[in-house]
Amino acid sequence: MTLLQIMPENAPETVRLRTDDLDVIRRELLRIGVRFERWHTARRLPGGADDNTIMKAYRSHIDHISAEGGYRFVDIERMPPATAAPDPPGRTRAARQKSSARHVHDEDLVRFFVAGAGCFYLHAAGHVHAMVCTAGDLLSVPGRTVHWFDMGTRPHFTVIRFHQEEDGSVGRPLTDRIADRFPTLDDLLDGMSDQVLPQRSQ
């Protein structure tokens, strides 16, 4: 389920907005300069599709985004379900710890979810916008936006990444641990029903 939850940076227990309405999500993210779109997923794409098959299935979308944003490099990042491949000791834990640390990229962060789910936390305008992306979601975040990413305790996702430079995915870490105070992907998907608000609080 695609979901946006907005919380004040100094009060993660307060939910200003929680919604799965795509129009509301699009509007709220635009307030902080973030672009959100939904693409039609490729219906005949096999679950174990290789990179070339995925690229071919989304070629027209990829070409459009690349030309529009000047992205010269496109690649695919995967985290298969734990049951689909052996997990070397600590690999999943290390990957999750690295991505969940607060950081910035000098260039735009542009990701399209082919499969699975993950949550981008965008720290901007005095709030943290927790954006849970699922298959079909495109997220474009301006460069130097402070953020982090949580893949959950059972990671599973396949994403297409767009870069202006070959090393564009390398982030610069920030030292504070504000990310530790906010709900994880698992918390968000579990519902946190006692904190859900139907619309933005005043």
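# A guided tour from strand β7

Begin by selecting Met7 and Val128: Met7 stands opposite Val128, which lies in β7. The model is a predicted one, in which local features need pLDDT of at least 70 and side-chain atom pairs count only at pLDDT 80 or more, while totals for chains, interfaces and linings use all residues. Residues are numbered from 1 along each chain as its sequence is written, and side-chain values use heavy atoms, with hydrogens and water left out.

**The whole chain**

Display the full protein chain, which holds 5 helices and 11 strands. Helices (H or I, at least four residues) and strands (E, at least two) are DSSP runs, numbered from the N terminus. Of the 202 residues in the chain, 46% are buried; buried means under 20% relative accessible area, exposed over 50%, and partly exposed in between, with a 1.4 Å probe and protein chains only. A contact means heavy atoms within 4.5 Å. Among contacts between residues at least 6 apart in sequence, 75% join residues at least 24 apart.

**Strands β1, β2, β6 and β7**

Select residues 3-8, which form strand β1. How many of the residues of β1 are buried? The count is 6 of 6. On one side of β1 are Leu3, Gln5 and Met7, on the other Leu4, Ile6 and Pro8, and all are buried.

Add residues 127-134, strand β7, which runs antiparallel to β1 and is joined to it by 6 bridges. Two strands pair if DSSP finds at least two bridges between them. Val132 in β7 is the bridge partner of Leu3. Because 8 of its 8 residues are buried, β7 is largely enclosed by the rest of the structure. His127, His129, Met131 and Cys133 point one way from β7, and Val128, Ala130, Val132 and Thr134 point the other way.

Next, select residues 17-19, strand β2, which is antiparallel to β1 and connected with it by 3 bridges. Here Arg18 of β2 is the bridge partner of Gln5.

Return to β7 and add β6: the two strands run antiparallel and share 8 bridges. One bridge pairs Gly118 with Cys133 of β7. Zoom in on Ala125, in the hairpin of β6 and β7; there are 2 residues between the strands, and Ala125 takes a positive phi near 55°.

**Aromatic rings**

Now show the side chains of Phe, Tyr and Trp. A pair of aromatic rings is described by the distance of the centres and the angle of the planes. Rings of Phe, Tyr and Trp (its six-membered ring) pair if their centres lie within 6.5 Å; planes under 30 degrees apart count as stacked, over 60 as edge-to-face and the rest as tilted. By this rule the count is 10 aromatic pairs.

Why is the pair of Phe120 and Phe149 tilted? The ring centres of Phe120 and Phe149 are 4.6 Å apart and the planes stand at 45°, so the pair is tilted. This pair links distant parts of the chain, with Phe120 in strand β6 (residues 109-124) and Phe149 in strand β9 (residues 146-150), 29 residues apart. Both Phe120 and Phe149 are buried.

Select Trp148 and Phe182 next: their ring centres are 6.0 Å apart and their planes at 55°, so this pair is tilted. Trp148 lies in β9 and Phe182 in the loop between β11 (172-173) and α5 (185-190), 34 residues apart. Trp148 is buried at 2% relative accessibility, and Phe182 is buried with a relative accessible area of 5%.

Finally for the rings, highlight Phe113, Phe120, Phe149 and Phe157, which form one aromatic cluster.

**Thr184**

Move to Thr184, in the loop between β11 and α5. Is Thr184 buried or partly exposed? At 26% relative accessibility, Thr184 counts as partly exposed. Leaving aside residues up to four places away in sequence, Thr184 touches Arg96, Tyr121 and Asp150. Add Ser100 and compare its position: Thr184 and Ser100 are 84 residues apart in sequence and 9.4 Å apart in space, C-alpha to C-alpha.

**The second largest pocket**

End by selecting Pro46, Gly47, Val114, Ala115 and Thr158, which lie nearest the centre of the second largest pocket among its 18 lining residues. At least two lining residues come from each of β4 (73-79), β6 and β10 (156-163), and β10 gives the most, with 3 residues. A pocket is found on a 1 Å grid over the protein atoms alone, as an open set of points where a 1.4 Å probe fits, with protein on both sides within 12 Å along at least five of seven lines; lining residues have an atom within 4 Å of a point.
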